[in-house]
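Please open your viewer and set it so that you can pick residues by number. We will go from stop to stop, selecting a few residues each time.

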Amino acid sequence: MMQELTPGQRLARGVARHMAALGFVTVEEFVPARALRVDVMALGPKGELWVVECKSSRADFQSDSKWQGYLEWCDRYFWAVDLAFPNELLPDDSGLIIADDYDAEIIRMAPEQKLPAARRKKLIQKFAMDAASRLHRLRDPQPGAAGSWGI
C-alpha cells in the first residue's frame, strides 16, 4: 500500500516529471553535504546540477533558514510552488517553477552560477551512488548479513 504523499512530496513528483521531459534525472531528498538536504537535485544531460526546493505554503517558506546554503551546491537554484503560493515572497534572483502532483513548468529560469569542477565531480559521483543505492534497496530491502547500505 502506498503512503499518502505530503504537499511538498507531491510538488517534487511534478518537478521530477518535468525535469525528465527536459532530459534530466532527479533524486529527491538529496544530501549534498552534512546538515543540508535539498528537496530535488536534478542532473542534466550536460552534467549541469540544479537544486529545486519545494514550498507548499507561506509558513513552509518562512521556516526555511537553510536555503542559501544550497546555492554553492548547484549551477541553478529554483523554488517550486503551486498556483496558490504568494510568489512575491520568493527572491527574484532565483528560478521559479509552478508545479502540481503531475507536472510543472519553469516560469523564471534561475541565473547560472557554474560549480567548480572538483565540486561538480564529487556531487555527480554522490548523486550516482545515492540513486543506485536507492534502486538496489527497492529491489532488495533486506540485503542480509553480507550486505550493508552504509547510507
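What follows is a tour of a predicted model, with something to select at each stop.

**Stop 1: the nonpolar cores**

Begin by selecting F30, M41, V51, Y70, Y77 and L90. These residues have the most contacts inside the largest nonpolar core, which has 24 residues. Which elements supply at least two residues each to this core? Colour strand 1 (25-30), strand 2 (38-43), strand 3 (49-54), strand 4 (76-81), strand 5 (95-99) and helix 3 (117-139), and you have them. As background, nonpolar side chains in soluble globular proteins tend to be buried together.

Next, add A12, A42, W50 and I97 in another colour. They are among the 16 residues of a second core, separate from the one you just coloured.

**Stop 2: F30 and its surroundings**

Go back to F30 and show what touches it. Leaving out neighbours within four places in sequence, F30 is in contact with L36, R37, V38, M41, L123, K126, F127, D130 and R134. Now turn the view to look down on the ring of F30: the charged end of K126 sits over it, 5.2 Å from the ring centre.

While you are looking at charges over rings, select R119 and W73 as well. R119 lies over the face of W73, and the distance to the ring centre is 3.8 Å.

**Stop 3: V40 in strand 2**

Select V40, which you will find in strand 2. Is V40 buried or exposed? V40 has a relative accessible area of 0%, so it is buried. Setting aside residues up to four places away in sequence, V40 touches A12, V15, T26, V27, E28, W50, V51, V52 and C54. If you would like a distance to try in the viewer, pick the C-alpha atoms of V40 and F61: they are 16 Å apart, with their positions 21 residues apart along the chain.

**Stop 4: E53 and D64**

Move to E53, in strand 3. This acidic residue counts as buried because its relative accessibility is 2%, under the 20% cut-off. What does the side chain of E53 have beside it? One of its polar atoms lies 2.8 Å from the backbone nitrogen of D39. Show the rest of the surroundings too: beyond four places in sequence, E53 touches R37, V38, D39, D64, Y70, Y77, F78, W79 and A80.

From that list, select D64, in the loop between helix 2 and strand 4. D64 has 13% relative accessibility and therefore counts as buried. Its side chain is joined to that of K55 by a polar contact of 2.9 Å. Not counting residues up to four places away in sequence, D64 touches E53, K55 and W79.

**Stop 5: aromatic pairs**

Now show the aromatic side chains. How many aromatic pairs does a search of the whole structure find? The search gives 8.

Start with F24 and W50. Their ring centres are 4.4 Å apart and their planes are at 40°, so this pair is tilted. F24 is in the loop between helix 1 (7-21) and strand 1, while W50 is in strand 3, so the pair links distant parts of the chain, 26 residues apart. F24 is buried at 7% relative accessibility, and W50 is buried at 7% relative accessibility.

Then select F61 and W79. Here the ring centres lie 5.1 Å apart and the planes are at 75°, which means that the pair is edge-to-face. Because F61 lies in helix 2 (residues 58-62) and W79 in strand 4, the pair ties together parts that are 18 residues apart in sequence. F61 and W79 are both buried. Widen the selection to F61, W67, Y77, W79 and F85, and you are looking at one aromatic cluster.

**Stop 6: two cysteines**

Finish with C54 and C74. How many disulfides does the search of the whole structure find? It finds 0. C54 is in no disulfide, and the nearest cysteine sulfur to its own, that of C74, is 14 Å away. C74 is likewise in no disulfide. C54 is buried, with a relative accessible area of 3%, and C74 counts as buried at 3% relative accessibility.

Methods. Residues numbered from 1 in each chain as written. Predicted model: local features only at pLDDT ≥ 70, side-chain atom pairs only at ≥ 80, totals over all residues. Heavy atoms only, no water. Core = buried A, V, L, I, M, F, W, Y, C linked by side-chain atoms within 4.5 Å. Buried < 20%, exposed > 50% of the residue type's maximum accessible area, 1.4 Å probe, protein only. Helix = DSSP H or I, 4+ residues; strand = E, 2+ residues; numbered from the N terminus. Contact = heavy atoms within 4.5 Å. Polar contact = N/O pair within 3.5 Å; in protein donor to acceptor, adjacent residues only side chain to side chain. Phe/Tyr/Trp six-rings, centres within 6.5 Å; stacked < 30°, edge-to-face > 60°. Lys NZ or Arg CZ within 6 Å of the ring centre and 35° of its normal. Disulfide = S-S within 2.5 Å.
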